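User: I am new to reading protein models, and I would like to go through one slowly, feature by feature. Could you guide me?

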Amino acid sequence: MGQLSSNPSLDSLLSDAVASDYESAGADRHTSPIIKVLAASSAVLLALVFIAAVVDKREQSAQVNSTRQALIDRIQAADKRVAQAQKDVTQSNVDLAAAESAHLAGTSLGEQAQKRLEVLRKATGFSELFGPGLQVTLDDAPNAGSVPGSDISLGKVQDRDVQSVVNGLWASGATGIAINGQRLTALSAIRNAGEAILVDYRPLSPPYRVVAISPSADATAGTFRDGVAGLMLEELSNKYGVVWNIATLGDITLPAASSSVNLSGGKQ
Amino acid sequence: MIPAIGLIVGILLGLILHPTVPLWLQPYLPIAVVAALDAVFGALRSVLDGIFNDRIFVISFLSNVVVAAVIVFLGDQLGVGSQMSTGVVVVLSMRIFANVAAIRRHLLKA
């Protein structure tokens, strides 16, 4: 070990530190009983220290594990409560609608109000919407990738692309729109968060299927294709390879908007 | 021979009793373990060298543990406890390696 260093003080430091304790005194054949007892008890103590350290370490990691498990359990319980509450909300909405129609039926004024409510509900996304549909499918370019050294990603569908598609569909006469099963309302937000596009704070994954219902789906599809949005999609597909198409679907049902949107709408 | 029996008794006792370490002792536990390992390997080496000595075993074990604990305690008071622990662990590890190398030379002639 000493040969590694040419510095004498470093040499002596190393050799002193690692020198055997037993070399100074030779073997002692005549140890007194007290020393023997002491040696035995220090050996016992030594082993105890070792075992105590191991046991302690294990107990600590067990504690960490149980804490984590408890937290996971609490999260799952809270999730379950949220799911239950959401189910309750849906059920209450159904009950409310039934009570309303029961209350409004019978009088002509009531029936008028009922009809008006239904129209409003469909327009605002409060209730399901049934009718002839069309679908605009948008997808990232097959070779989409980010430009090195910047956060611009070429060929990826952006929030504003989806926004213009939605706006184009509204402008072309759509009465209700859903993106990947998320019904849009007047309060819906479509925006980017990192890599993902969020609709009403829920992340979507490509391909983006924008489904619209329009009384005259064929005409809407034609208007959309020739409108600003259609031309923009054509441009995106020529320039960046974004994949898109539009098709009519026949009669479809759009889901109602999620309850959280209704609640936030109710507060304002 | 006696210390070897003591070791086995200590291990059995530890496994049976499951000793818990008080909180104030926990910072010293790793140091104590390394010091204890150093004493064990030093003793093993001296047995193979034929110069094992009960007296030196007791004194070296106790002084190693006490000095290591004092250094770490002082370091804690001065705010450099973790650095001191590192120093103690480095020195004792060097000793352990030197002892194990000697044992290896004895047993395997390599």
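User: Where should I begin, and how many helices and strands does chain A have?

Analyst: Begin with the kind of model, and then with the elements along the chain. This is a predicted model, and chain A in it has seven helices and ten strands.

User: How do I read burial and contacts for a whole chain, and what share of the residues of chain A is buried?

Analyst: Burial is read by counting neighbours around each residue, and a residue with 20 or more other C-beta atoms within 10 Å is called buried. In chain A, 24% of the 268 residues are buried. The contacts can be sorted by how far apart the partners lie in the sequence, and among those in chain A with a separation of 6 or more, 74% join residues 24 or more positions apart.

User: Now the two chains together: how many residues of chain B are in contact with chain A?

Analyst: An interface is read from both sides, and here 40 residues of chain B are in contact with 30 residues of chain A. On the chain B side, helix 1 (2-17), helix 2 (29-49), helix 3 (54-78) and helix 4 (81-108) each give two or more residues, and helix 1 of chain B gives the most, with eleven. Sorted by class, this side of chain B has 26 nonpolar, nine polar and five charged residues.

User: When two helices meet, what should I look at, and at what angle do helix 2 of chain A and helix 1 of chain B pack?

Analyst: Look at the angle, the distance between the axes, the handedness and then the residues. Helix 2 (residues 33-104) of chain A packs with helix 1 of chain B at an angle of about 35 degrees, and their axes are 7 Å apart. The crossing of these two helices is right-handed. Among the residues that meet are A:Ala39, A:Ala43, A:Leu46 and A:Ile51 from helix 2 of chain A, and B:Ile2, B:Leu7, B:Gly10 and B:Leu13 from helix 1 of chain B. The residues of this contact divide into 18 nonpolar, four polar and one charged.

User: How do I read a nonpolar core, and which residues have the most contacts inside the largest one?

Analyst: Read its size, then its best-connected members, and then the elements that supply it. The largest nonpolar core has 35 residues, and those with the most contacts inside it are A:Leu46, B:Ala35 and B:Ala36. Helix 2 of chain A gives two or more residues to this core, as do helix 2, helix 3 and helix 4 of chain B, and helix 2 of chain A gives the most, with twelve. Leaving aside residues up to four places away in sequence, A:Leu46 touches B:Leu7, B:Gly10, B:Ala36, B:Ala39, B:Val40 and B:Phe61. Another core, of 30 residues, lies apart from the largest one, and A:Leu134, A:Val166, A:Ala229 and A:Leu254 are among its members.

User: Could we try one residue, and is A:Ala53 buried or exposed?

Analyst: First find its element, then count its neighbours. A:Ala53 is in helix 2 of chain A, and it is buried because 20 other C-beta atoms lie within 10 Å. Not counting residues up to four places away in sequence, A:Ala53 touches B:Leu29 and B:Val33.

User: How do I read a sheet, and in what order do the five strands of the open sheet lie?

Analyst: Follow the strands from one edge to the other and note the sense of each pairing. The order in chain A is 5-4-9-1-10, and the pairing is antiparallel. Strand 5 (182-183) and strand 10 of chain A are at the edges with a single partner strand each, so one side of each has no neighbour in the sheet. Helix 5 (residues 217-226) of chain A packs on this sheet and touches strand 1 and strand 10 of chain A.

User: Within the sheet, which residue is the bridge partner of A:Leu134 in strand 10 of chain A?

Analyst: The partner is A:Thr248, and strand 1 (residues 129-139) pairs with strand 10 (residues 243-254) of chain A over eleven bridges. Toward strand 9 (residues 208-213) of chain A, strand 1 of chain A is joined by six bridges, and there the partner of A:Leu134 is A:Ala212.

User: Finally, which residues of strand 4 of chain A point one way, and which the other?

Analyst: A:Gly176 and A:Ala178 point one way, A:Ile177 and A:Ile179 point the other, and all are buried. A:Ala178 has A:Val211 as its bridge partner in strand 9 of chain A and stands opposite A:Arg183 in strand 5 of chain A.

Notes: Residues are numbered from 1 along each chain as its sequence is written. Chains are lettered from A and ligands numbered from 1 in the order in which they are written. This is a predicted model: local features need pLDDT of at least 70, side-chain atom pairs count only at pLDDT 80 or more; totals for chains, interfaces and linings use all residues. Helices (H or I, at least four residues) and strands (E, at least two) are DSSP runs, numbered from the N terminus. A residue is buried if 20 or more other C-beta atoms lie within 10 Å of its own, exposed if 12 or fewer, and partly exposed in between; C-beta atoms are placed from the backbone. Two residues are in contact if their C-beta atoms, placed from the backbone, lie within 7 Å. Ala, Val, Leu, Ile, Met, Phe, Trp, Tyr, Cys and Pro count as nonpolar, Asp, Glu, Lys and Arg as charged, and the others, Gly among them, as polar. Axes are lines fitted to C-alpha atoms, for helices over the stretch in contact, and angles run from 0 to 180 degrees between N-to-C directions. A crossing is left-handed if the near helix is turned anticlockwise from the far one by less than a right angle, and right-handed if clockwise. Two strands pair if DSSP finds at least two bridges between them. A nonpolar core is a set of buried Ala, Val, Leu, Ile, Met, Phe, Trp, Tyr and Cys residues joined through C-beta atoms within 7 Å.
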